[in-house]
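Visitor: I am new to this structure. Could you take me through it and explain the terms as we go?

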Amino acid sequence: MEDGSCSALSVKAALEMIFEFDETGTISYANAEAEKKLEYKSGLCGHSIADVFPTEFKIEENAFTTEYPFDEKPRQFVAYRGNLTCFPVEAKIIKSGSTPEVYVCMANDMLEKEYLKREIAQVKQEAEHALKVKSEFVANVTHELRTPVNGVLGNVKELLDEDVDSRTMKSLRMIERCCVDMNKIIDNILDFSKLEAGKFTLEPRRFNVREMLDYVKGTHSAKITEKGLEFFMTVSPNVPEYVIGDELRIKQVLNNLLSNALKFTSVGKVTLEVLKTAQMNDRTELFFIVIDSGIGIDKADKDKLFQSFSQVDASISRRYGGTGLGLNISKQLVELMGGRIGVESQKGKGSTFSFSIWVGSCEEEKSAEQHTDTVNMSRYSSGVQAVSRQEDSEGGEVLKQFGTPQNREALKKALSKLILCVEMENWEKAEMFMDTIRQLTEGAPHEVGRVILRLKMAVQKENYDRITAGFEELKSFLQAEEVHA
Ligand code: ADP
């Protein structure tokens, strides 16, 4: 034990008591912890094992006797200090098997262990209590805030009905808008606190998906017009009419993504796409994509996005406002609905946020599906095919012909969906999009074929770096083609 090897050093510095004794019961080595805990004035060495564990060991004719079976099982002993006070330990004694025999005892102070256990339980209890107090406080404060805000809002609405001059009207409209914004912030804080405390419950009901989407679109139409942006919405034909889900919360996520897309886009367009991506018994997976041509997000900032109170930088919150809670709430809601949320973005070029959720199928939908789609292409391919079918009818056969503008557009779309699935680590869907890309690049020149092959292998191997490399290669090829055309 006295050599300077690593194991000897770790025994010396171990947090448990370790000591050695021989066949006569005489202790020949003790580590620092054993010396510290057992407090033998002149040191443990030279003392007997029967001094430390008098209830377990006796010394008779220069040898120790004990009932301890040396079976390496930890047992509870009472250890005596040099001053004859004692404390419980959990100890294990092993034989070295050498001649003469050496015994090694390893022991832990049970009082300390118990104390730590109690400390941990107390800290846990305090943390739970603090969380409870915090969420109750947030609930009370938000409630108290909402009352005066609604009071102001009600009065403003009444005044707006009266005959007021245009300047007053403008001010009243501004107050109305501030109150509505304030209510949104209060709602967000309340949701966040409930989600954090694990007290959030979904309320699934049957609802019409397209009506819900039209409503969401309507909510943002004023902003779209005000900013002079273009807005496109595509719903894949195989998205069911009715599903069972928490409509309010799905709308909340969509509204958050769309209002961000509109907030951070000053020219160009915002697109909302909805696809059905999987069917498992009576559960349907829906996939939502929100694409904007706005300011985009730096790669380095992407990871921060879904954390609470996180905004890309302070200048953004000054310029665009917001609390940085929206995406965190959206992420938690999406995860409660069994899905995932992800983003793909390029600074200055725009962002694509997407999320998936699982909803229940309705009885009437199920029977309708059985009639119209007995094959039931239940996985992502159904979504892709539905979109391409739709595009086929618009673009005709040219879609499949590599190099045409329609083909390039479809290819770009499939590529961005592929990368989204990769970001979300949804490899099954990534492979299906890869198939679409392969179909769309049939008849392409050899160099494209080679990139496609590499990309396909990278997707199969789930190699993120190679996929992004292939994606960039293909994108630059498409750009070059575009310039050419
Ligand atoms: P906030 O309520 O502050 O908008 P969010 O959680 O919704 O909070 O968004 C957090 C931050 O993420 C925003 O402040 C912005 O920096 C960035 N962000 C979100 N969506 C977009 C987008 N479509 N384009 C650019 N940046 C975005």
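Guide: One term comes before the rest. A nonpolar core is a set of buried Ala, Val, Leu, Ile, Met, Phe, Trp, Tyr and Cys residues joined through side-chain atoms within 4.5 Å. Keep in mind that this is a predicted model.

Visitor: What makes Phe355 stand out in the largest nonpolar core?

Guide: The largest core has 42 residues. Phe355 is among the five that touch the most other members, with Leu213, Ile250, Leu254 and Phe288. Contact means heavy atoms within 4.5 Å. Leaving out residues up to four places away in sequence, Phe355 touches Val253, Leu254, Leu257 and Phe288, among others.

Visitor: Which helix gives this core its largest share?

Guide: Helix 7, residues 247–263, supplies seven residues.

Visitor: What does the second core include?

Guide: The second core is separate and has 31 residues, including Ala414, Met424, Ala458 and Leu478. Phe355 also touches Met424.

Visitor: Now the sheet. Why are strand 2 and strand 5 called edge strands?

Guide: The open sheet has five strands in the order 2-1-7-6-5, with antiparallel pairing. Strand 2 (27–30) and strand 5 (75–80) each pair on one side only. On average, neighbouring strands are turned by 35° against each other, direction ignored.

Visitor: How do you know that strand 6 and strand 7 pair?

Guide: Pairing needs at least two bridges. Strand 6 (86–95) and strand 7 (102–109) have seven, so they count as an antiparallel pair. Lys92 stands opposite Met106 in strand 7.

Visitor: Which helix packs on the sheet?

Guide: Helix 4, residues 110–161, touches strand 5, strand 6 and strand 7. Its direction makes about 115° with that of strand 6.

Methods:
Residues numbered from 1 in each chain as written. Predicted model: local features only at pLDDT ≥ 70, side-chain atom pairs only at ≥ 80, totals over all residues. Heavy atoms only, no water. Helix = DSSP H or I, 4+ residues; strand = E, 2+ residues; numbered from the N terminus. Axes fitted to C-alpha atoms, helices over the stretch in contact; angles between N-to-C directions. Buried < 20%, exposed > 50% of the residue type's maximum accessible area, 1.4 Å probe, protein only.
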